[in-house]
Amino acid sequence: MNILESLKDKLLVADGAFGTCYVGMYGEQGTVAPELANMRHPERVLEIHKEYVKAGAGLIRTNTFAANTASLDADTDYVISNVRAAVKLAKQAAEEDVEAADCVRTSDAVVTEADESGTYRKKVSVAGDIGPIPADAGLTLNERVSQYKLLGEAMQDMGVDIIWFETFPEFNVLEPVVKHLKARKNTPVMVSFCVNQFGYSNCGFSARALLSQVAGNQDVDCVGFNCGVGPYHMLQLLKKLDIDCGKPVSVMPNAGYPKFTQSRLVFNDNKEGFIDKIQDIAALGADIIGGCCGTNPEYIHQIMERVKTGDIAKAAKVHVEKVQADSAVKDNFLKGRLERGGAATKNADGHKHKLIAVGLAPPVRQNKS
Ligand SMILES: [Zn+2]
């Protein structure tokens, strides 16, 4: 069964973070990209994938978030070999589990198939993960587009179940890429964006604008939001969006917000709070749930526990009227200030007060999923 067909009536629980999970298990933060392990330490990569499969994930993403020439400081041949190695490892972890006796029969979260004897088997989907190539890495827009195409082609040829673009701050760079990939092969495509707690991406696009742009694109099959925010802010954001957009929606928040401890980024452990919010996110109608930075297989295991009890389940999408969204904009603080007299406004005492806008950037290298 195609992953898109199974999403029509099933909630899919995906995996959690790879990068922060790898760093938690093997150290090396900030010194070695976890993606290099696809070739240097394949057993470590396989182990993390297997942990997620064992926890109940119905979809695992390849360890290729930063597998590009700029982030790995490598040539195209190396990067493509790295991607091929990564897909092979993820497929190995997914396929080994197909024969597992402990398939989750009570859950509708994992794609299950019954053979002639009525035995259910877990089928774990493999997503080919592609993260953004850093815009300041010296590659032109055309070079980045060409490289995304090459990465996607390699993943299609390796037979991934879905190409999974994630943590993107814009769709424009991907539009020609997804068009090219879809014309080449009909592998489903996910585009997942990263926004901050105010609902804006690093490129200044609002979550609403990104969602509607992708909802109207015929080459993209699923849309989502990942990273950038913890589960509380993700839930608040989703409540204001119309996720009833005609495509399956994936939601993967970070575990929370990281703190620097002894020059390491550390996420506070608040699984219970995370899973409560994931439950609310599922109730809004999310089709795919999982975790980003700071999450690990234990988070997915605990989500699956609630899937088994029915507390986390597939729900009809909550439709948010556009009218409501417009009135929210009307009450926007910034818009009000600007309408009352431009960027400089007078206080009651007659002093001019300038309106100052500041940008908040997420901590460096925390958006590695
Ligand atoms: Zn992340």
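How many bridges join strand 1 to strand 12, and which way do the two run? The legends below start there and then move through other parts of this predicted model.

**View 1. Strand 1 meets strand 12 in an open sheet.** Strand 1 and strand 12 (residues 288–289) are joined by 2 bridges, and the two run parallel. Look for Leu12, which has Ile288 of strand 12 standing opposite. Helix 9 (residues 207–215) packs on the sheet, where strand 7 (189–193) and strand 8 (222–226) are touched by this helix. The direction of helix 9 makes about 160° with that of strand 8.

**View 2. The whole sheet, from one edge to the other.** Stepping back, you can follow 8 strands in the order 1-12-9-8-7-6-5-2, paired in parallel within an open sheet. Strand 1 (12–13) and strand 2 (59–61) stand at the edges; each has a single partner strand, so one side of each lacks a neighbour in the sheet. For orientation, the chain as a whole has 14 helices and 14 strands. Of its 369 residues, 44% are buried. Among contacts between residues at least 6 apart in sequence, 78% join residues at least 24 apart.

**View 3. Helix 10 packs with helix 11.** Here helix 10 (residues 231–240) and helix 11 (residues 271–283) pack at an angle of about 15°, and their axes are 9 Å apart. The two helices are therefore roughly parallel to each other, and their crossing is left-handed. From helix 10, the residues to find are Pro231, Tyr232, Met234, Leu235 and Leu238, which meet Phe274, Lys277, Ile278, Asp280 and Ile281 in helix 11. Sorted by class, this contact has 8 nonpolar and 2 charged residues, with no polar ones.

**View 4. Helix 7 packs with helix 8.** The axes of helix 7 (residues 141–157) and helix 8 (residues 175–184) lie 9 Å apart, at an angle of about 30°. That angle makes helix 7 roughly parallel to helix 8. The crossing in this view is right-handed. Val145, Tyr148, Lys149, Gly152, Glu153 and Gln156 are the helix 7 residues of the contact, and they meet Pro176, Val177, His180, Leu181 and Arg184 in helix 8. The residues of this contact divide into 5 nonpolar, 3 polar and 3 charged.

**View 5. Helix 2 and its buried residues.** In helix 2 (residues 19–26), the buried residues are Gly19, Thr20, Cys21, Tyr22 and Val23. Which helices do the buried residues of helix 2 pack against? Their partners are helix 3 (37–40) and helix 4 (42–55). Just past the end of helix 2, have a look at the backbone of Gly27, which takes a positive phi of about 70°.

**View 6. Val320 in its loop.** Val320 sits in the loop between helix 12 (297–309) and helix 13 (322–330). Is Val320 buried, exposed or partly exposed? With 18 other C-beta atoms within 10 Å, Val320 is partly exposed, because a buried residue would need 20 or more and an exposed one would have 12 or fewer. Asp242 also belongs in this view: its C-alpha atom and that of Val320 are separated by 4.7 Å, although the two residues are 78 residues apart along the chain.

Definitions and conventions: Residues are numbered from 1 along each chain as its sequence is written. This is a predicted model: local features need pLDDT of at least 70, side-chain atom pairs count only at pLDDT 80 or more; totals for chains, interfaces and linings use all residues. Two strands pair if DSSP finds at least two bridges between them. Helices (H or I, at least four residues) and strands (E, at least two) are DSSP runs, numbered from the N terminus. Two residues are in contact if their C-beta atoms, placed from the backbone, lie within 7 Å. Axes are lines fitted to C-alpha atoms, for helices over the stretch in contact, and angles run from 0 to 180 degrees between N-to-C directions. Angles under 35 degrees count as roughly parallel, over 145 as roughly antiparallel, 65 to 115 as roughly perpendicular and the rest as oblique. A crossing is left-handed if the near helix is turned anticlockwise from the far one by less than a right angle, and right-handed if clockwise. Ala, Val, Leu, Ile, Met, Phe, Trp, Tyr, Cys and Pro count as nonpolar, Asp, Glu, Lys and Arg as charged, and the others, Gly among them, as polar.
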